[in-house]
Amino acid sequence: MLLAINTRQFWAVFFTKLGFNLRSEVSRTYLGYVWWLLEPILWVTALYVVFGIFLRSRSDDLLVFLVCGMVTYSWFQRSVSNSSRSLAQEKGLINQVAIQKIFFPLLTVSQDTVKQLVVFTAMFLFLLYMGIRPDLSWLTLPLVIMTQWLLILAAGMVCAGIVPLIPDLRFLISTLLQVGMWGSGIFYSYEDVLIQQHQDLFLMNPMANLIKNYRQVIIDGELPDWGALATISLSSAAVIVVMMLVFRRLDTTYARLAIQ
Amino acid sequence: MTVPETLLELEHVGFTYSTGIGFYGGKRVEALRDISFSVRPGETLGLIGRNGCGKSTLLRVITGIFRPDRGRLVRHCDRISLLALNVGFDPNLTGSDNLVISCMFLGASKKEALTMHDEIVEFAELEDYIAQPLKTYSSGMKARLGFSVGLKMQADLLLVDEVLGVGDASFRTKAKHAMKARISSDQAVILVSHNDVAIRSLCDRVIWLENGEVRDQGDTDRVMADYLTYVQTVKGVGRPQNQDQIALKRKV
């Protein structure tokens with residue numbers, strides 16, 4: 001182990017490990033890559049059966065509406081949940097190599113991002129199949145996706161950094177992610193359900209806001225809410241910078257916590 | 001390139017950790033209290049002491065995995081490699097992938113790691129298993145892979161933590177010979193072992209740790225003799241034994 005692995009070596013190891021991890025994940029289950037798609041499909045099916053069929057809140061575009069919400073929220077949920085475990089899972093390596101600990105949440109988020117790009121591709125094929133016609137506004141989608149990526153990285157780094165210090169928070173994080181699913185308007189339209197005064201509060205939840213923006217662009221063919229995207233991006237970037245400093249400061253503390 | 005006078009200097013190094021967190025608390029353990037010594041280029045330093053005396057913690061402080069709470073630690077070299085049994089392997093990756101990653105953690109580029117791949121696999125005698133996930137490996141196979149990676153990679157200072165006894169009898173002999181060759185080729189080594197024969201035959205100098213402190217250091221034969229007398233008078237685990245004696249006992 002090099003003492004303080006230099007930046008070039010850090011990224012070389014990072015991308016090599018990313019490739020290896022993605023490959024090995026496939027060999028661990030019978031269906032491999034198919035699970036990346038199957039998971040959101042199962043969720044959307046369940047929600048469609050409950051809300052579209054049992055509760056008869058069926059509108060023409062409910063399926064598309066659900067897909068936009070669920071596919072994007074499950075990216076957030078999966079990445080943050082995996083990140084919160086990322087340091088604890090790598091105790092062996094942390095005890096063996098003097099590597100910057102930011103390596104682990106970064107790797108987890110990147111791994112999930114690659115998978116999500118596959119899921120997004122499948123989602124757009126499905127939308128086309130469902131008769132949604134691409135609009136010029138879709139060109140702004142990469143910016144919405146980038147904003148969500150920054151949000152995920154920020155949330156993932158916070159969770160990864162805090163769980164080794166207070167392991168109990170792991171339970172709180174998984175509960176919050178579940179609650180967040182109900183509170184992000186995945187299977188309801190906030191404009192129909194909430195009174196005006198509560199709508200602003202609802203949109204303070206960054207995931208609810210992003211899902212609204214995804215739907216605005218994909219279903220309605222409108223431009224996203226630039227102010228909201230900028231606010232989410234900048235606050236996420238600020239959190240990321242703070243967490244980089246925290247990780248640098250606590251680097252050897254995490255190694256010590258791994259043996260406690 | 002000028003050769004530095006010392007590769008590593010430790011002055012009054014101390015390290016404390018707690019055995020638990022939360023309201024139920026943990027016990028604070030002073031793993032290292034007051035450690036001072038230095039390592040010169042090319043020398044082989046033995047590190048002895050009973051189980052729990054702080055040997056492995058000290059190696060982790062030297063590699064920079066832990067930061068000492070007290071004292072001063074100065075490294076005059078870049079590549080310090082830790083060769084230990086529980087190497088940081090990923091159980092889901094194949095032996096090959098783990099080999100490449102380990103080499104890269106030791107400073108190799110991916111290309112260099114791939115170039116050395118076959119040689120390392122051959123030394124580890126894992127040709128038939130290298131494409132399998134590491135979780136299917138026996139502990140001996142994992143140890144052989146870790147040992148071979150550490151042995152083939154260049155390092156300014158090599159830290160060896162109880163790995164001389166890895167593998168079966170034939171691999172052990174090969175590993176010992178390879179380690180001897182490496183040690184005699186001007187490699188600076190810190191060797192942790194409970195095998196007194198190995199310590200006597202390989203080390204120029206010995207440091208005896210007891211309870212997180214340096215109890216004695218100096219000439220191998222003198223310190224070893226004192227240490228052996230000491231462990232026979234106190235009860236406790238971790239008495240130094242020859243690996244072959246341990247193996248014999250297991251069989252019985």
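This is a short tour of a predicted model, with stops in chain A, at the border between the chains, and in chain B.

**Stop 1: two helices in chain A**

Select residues 62–89 of chain A, which form helix 3, and residues 103–129, which form helix 5. Their axes come within 9 Å and cross at roughly 165°. Angles over 145 degrees count as roughly antiparallel, so helix 3 and helix 5 of chain A are roughly antiparallel to each other. The crossing of helix 3 past helix 5 is right-handed.

Now show the side chains where these two helices touch. On helix 3 of chain A, pick residues including Val64(A), Val71(A), Trp75(A) and Leu87(A). On helix 5 of chain A, the partners include Phe104(A), Val109(A), Met123(A) and Phe126(A). Colour the whole contact by class and you should find twelve nonpolar, six polar and two charged residues.

**Stop 2: helix 1 joins in**

Keep helix 5 of chain A on screen and add helix 1 of chain A, residues 7–27. How do the axes of helix 1 and helix 5 of chain A cross? They come within 10 Å and cross at roughly 45°, which makes helix 1 of chain A oblique to helix 5 of chain A. This crossing, too, is right-handed.

Among the residues to select on helix 1 are Phe10(A), Phe14(A) and Leu18(A); on helix 5, try Phe103(A), Leu107(A) and Val114(A), which are also among the contact residues. Here the contact divides into seven nonpolar, three polar and one charged residue.

**Stop 3: where the chains meet**

Bring chain B into view. Across the border, 23 residues of chain A are in contact with 33 residues of chain B. Which helix of chain A gives the largest share of the side that touches chain B? Helix 1 of chain A does, with seven residues. Helix 4 (91–94) and helix 12 (251–258) of chain A each supply at least two residues as well. On this side of chain A, twelve residues are nonpolar, eight polar and three charged.

**Stop 4: chain B and the core**

Switch to a cartoon view of chain B and look for eight helices and nine strands. Of its 252 residues, 42% count as buried.

Finally, look for the largest nonpolar core, which has 131 residues. Those touching the most other members are Ile152(A), Cys103(B), Leu157(B), Leu159(B) and Leu191(B). Centre the view on Leu157(B): not counting residues up to four places away in sequence, Leu157(B) touches Leu7(B), Leu8(B), Val39(B), Cys77(B), Ile80(B) and Ala188(B). In soluble globular proteins, nonpolar side chains tend to be buried together.

Terms used. Residues numbered from 1 in each chain as written. Chains lettered and ligands numbered in written order. Predicted model: local features only at pLDDT ≥ 70, side-chain atom pairs only at ≥ 80, totals over all residues. Axes fitted to C-alpha atoms, helices over the stretch in contact; angles between N-to-C directions. Helix = DSSP H or I, 4+ residues; strand = E, 2+ residues; numbered from the N terminus. Parallel < 35°, antiparallel > 145°, perpendicular 65-115°, else oblique. Left-handed = near helix turned anticlockwise from the far one by under 90°. Contact = placed C-beta atoms within 7 Å. Nonpolar A, V, L, I, M, F, W, Y, C, P; charged D, E, K, R; others polar. Buried ≥ 20, exposed ≤ 12 C-beta atoms within 10 Å, placed from the backbone. Core = buried A, V, L, I, M, F, W, Y, C linked by C-beta atoms within 7 Å.
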